[in-house]
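Please open the model in your viewer and keep the selection panel at hand. The stops below say what to select next and what is to be found there.

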Amino acid sequence: MSGEATLRAGAAQLGLTLNDQQCERLLAYGALILKWNKVYNLTALRDPATVMTHHLLDSLSVVAPLQRERPGVTRLLDVGSGAGLPGVVIAIMRPDVDVTCLDAVAKKTAFVQQVAAELKLPNLRGLHARVETLAGAYDVISSRAFASLPDFYNGSVQLLAEAGVWLAMKGKVPADELAALPPGVDVFHVEQLTVPGLDAERCIVWARKAPH
């Protein structure tokens, strides 16, 4: 199957119908990752097939759950975003979500800025900073393999809007991390995901601030 056919079929398994522009942008983003990787070592993955499954489809797997939790205009901060995963994919799929991809490595946020320019995504930006130094209020704070859950929550709690949610992408359910949650964090849903073509466990840990 061509890259486009694989992408469309995978998206369909995730309950998503890609329009032509979304499909083009996702494939262009995958190509940019591979191109920049040669020089900047953005991610460990080097071949188009693994970028498709481990990056594009893996990130697409959160789009429908995010639509369910946050159907309207949303400010999203993607912490430890690296090459922009899942933030860039969310920005492509959800023009109504304002996505900031945060990373402490300057070359990675420069890459996200380049993607935003090349793919004409006004709702996407890369931000070079450490999460502890930021101010602001975000409706959704996401991460993908960024840190342990307690570190993720403690590091970003000052940035979560009162009614906001944390979206943590994880592999298998992190029972030990869930047992060590900081006070004030309410995990309200652990959602199992199946990523097409990826033979590995995936889940989203959804959390919010516990009521006072």
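Helices (H or I, at least four residues) and strands (E, at least two) are taken here as DSSP runs numbered from the N terminus, and axes are lines fitted to C-alpha atoms, for helices over the stretch in contact, with angles running from 0 to 180 degrees between N-to-C directions. The model is a predicted one, in which local features need pLDDT of at least 70 and side-chain atom pairs count only at pLDDT 80 or more, while totals for chains, interfaces and linings use all residues. Residues are numbered from 1 along each chain as its sequence is written, and side-chain values use heavy atoms, with hydrogens and water left out.

Begin by selecting residues 20–40, helix α2, together with residues 106–118, helix α6, whose axes come within 11 Å and cross at roughly 145 degrees. The crossing is right-handed, the term used when the near helix is turned clockwise from the far one by less than a right angle, an anticlockwise turn being left-handed. Show side chains next: Tyr29, Leu32, Ile33, Trp36 and Tyr40 of α2 touch Lys107, Ala110, Phe111, Gln114, Val115 and Glu118 of α6, where contact means heavy atoms within 4.5 Å. This contact comprises 8 nonpolar, 1 polar and 2 charged residues, with Ala, Val, Leu, Ile, Met, Phe, Trp, Tyr, Cys and Pro counted as nonpolar, Asp, Glu, Lys and Arg as charged, and the others, Gly among them, as polar.

Keep α2 selected and add α1, since the axes of α1 and α2 come within 10 Å and cross at roughly 115 degrees, again in a right-handed crossing. Here Gly3, Glu4, Leu7 and Arg8 of α1 meet Asp20, Cys23, Leu26 and Leu27 of α2, a set of 4 nonpolar, 1 polar and 3 charged residues.

Within α1 (residues 3–13), pick Glu4 and Arg8, which lie 4 residues apart, about one turn of the helix. They form a salt bridge whose closest N and O atoms are 2.9 Å apart, a salt bridge being a side-chain nitrogen of Lys or Arg within 4 Å of a carboxyl oxygen of Asp or Glu. The whole structure holds 11 salt bridges.

Now exchange α2 for α3: the axes of α1 and α3 come within 10 Å and cross at roughly 35 degrees, and this crossing too is right-handed. On the α1 side the contact involves Gly3, Thr6, Leu7, Gly10 and Ala11, and on the α3 side Met52, Leu56, Leu57 and Leu60; by class there are 6 nonpolar, 3 polar and no charged residues.

Two backbone details come next. Asn41, in the loop between α2 and α3 (48–60), has a positive phi of about 55 degrees although it is not a glycine. Pro86, in the loop between β1 (74–79) and α5 (87–93), is joined to Leu85 by a cis peptide bond with omega about 0 degrees.

Which residues lie nearest the centre of the largest pocket? Select Gly80, Ser81, Gly82, Ala83 and Arg144, which hold that place among the 14 residues of the lining. The lining divides into 6 nonpolar, 5 polar and 3 charged residues.

Key: On a 1 Å grid over the protein atoms alone, a cavity is a set of points where a 1.4 Å probe fits but cannot get out, and a pocket is an open set with protein on both sides within 12 Å along at least five of seven lines; lining residues have an atom within 4 Å of a point.
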